[in-house]
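Here's a quick briefing to read alongside the coordinates. Have the viewer open and follow along.

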Amino acid sequence: GARLGTSKTSISYHFQSKEGLVQEVYDQALAFSETALQKAESEGTGRSALLAFVRAHIEAHARSLMGQRAPLALLGDLPILPSAVTDFTQPRYKALIHGIYALFLRGRSDGSINVPSAHASCFFILNILHWLPRWLGSVRLPDQEAETLALLDVLERGIAQPGLKPWSRPINRDGGPTLEGIFDAKTRNAMKR
């Protein structure tokens, strides 16, 4: 409480339990991501929408590191939270994951994204979002904009040199792990491999 400039009693007045406090923290992070996704969906292409969604998170974490906004909870930590919290947050997080996945499908449909697996690409974006605060914390403040542009460039163009990236045939994922598998440790490890 002292670091927050308040007492434990004040915190207990607003939150009846630790789970209530944790739920509020994750609710705010989900609300931010849901709003960022909704705004991004208005972009012209799937690629521009995906980049806008990631940029919104980069900017929020950068502002947090500068003390200009409260930090966002890392949504990748949901599987380890108490069930009282995950019962509330997990459906919203799944909907968010499906929204990100839909941006990849939209991009493949409109020709702005060329990835063989929308599932693997969605997993990649979720990992980027999870590591953003740590990565940005390691970047000197004067370099953050240039580093942000470099990250967005990797997302937009990939790591192949221009002209060397061949067109990829989409992977048929019927019968494979679902996006909900992100909440299962064995499935997450299989997706990483």
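## Briefing: an all-helix model

Reading from the N terminus, the elements run α-α-α-α-α-α-α. That makes 7 helices and 0 strands in the chain. Keep in mind that this is a predicted model, with a mean pLDDT of 78 for the chain.

**How far to trust it**

- Of the chain's residues, 66% reach a pLDDT of 70 or more.
- Confidence peaks in α3, at a mean of 93, and bottoms out in helix α1 (residues 8–14), where the mean is 54.
- Over residues 171–175, pLDDT stays under 50, and the model has 4 contacts for this stretch beyond four places in sequence.
- Where pLDDT is low, the predicted coordinates should not be read in detail.

**The chain as a whole**

- The chain has 193 residues, and 34% of them count as buried.
- Take the contacts between residues at least 6 apart in sequence: 71% of these join residues at least 24 apart.
- Accessible surface adds up to about 11,700 Å², and carbon and sulfur atoms account for 55% of that.

**Helix α6, up close**

- What should the 14 residues of α6 span at 1.5 Å a residue? For this helix (residues 144–157) the expected figure is 20 Å, and the end C-alpha atoms sit 20 Å apart, so the two agree.
- Which residues of α6 are buried? They are Q144, T148, L151 and L152.
- Those four cover an arc of only 95° around the axis, so they sit on the same side of α6.
- The general rule behind this is that an α-helix has 3.6 residues a turn, so residues three or four places apart point the same way.
- A146 and R157 are on the other side of α6, and both are exposed.
- As for partners, the buried residues of α6 pack against α3 (46–65) and α5 (118–137).
- Just after α6 comes G158, which has a positive phi, near 80°.

**The loop leading into α6**

- V139 is found in the loop between α5 and α6.
- Is V139 buried or exposed? Its relative accessible area is 12%, and buried means under 20%, so V139 counts as buried.
- Leaving aside residues up to four places away in sequence, V139 touches Q144 and E147.
- One of those contacts, Q144, is itself among the buried residues of α6.

Conventions: Residues are numbered from 1 along each chain as its sequence is written. This is a predicted model: local features need pLDDT of at least 70, side-chain atom pairs count only at pLDDT 80 or more; totals for chains, interfaces and linings use all residues. Side-chain values use heavy atoms; hydrogens and water are left out. Helices (H or I, at least four residues) and strands (E, at least two) are DSSP runs, numbered from the N terminus. The expected span of a helix is 1.5 Å times one less than its number of residues. Buried means under 20% relative accessible area, exposed over 50%, partly exposed in between (1.4 Å probe, protein chains only). The arc is that of the directions from the helix axis to the C-beta atoms. Contact means heavy atoms within 4.5 Å. Accessible areas come from the Shrake-Rupley method with a 1.4 Å probe; for residues, only the protein chains shown count as cover. pLDDT is the predictor's confidence in each residue, from 0 to 100.
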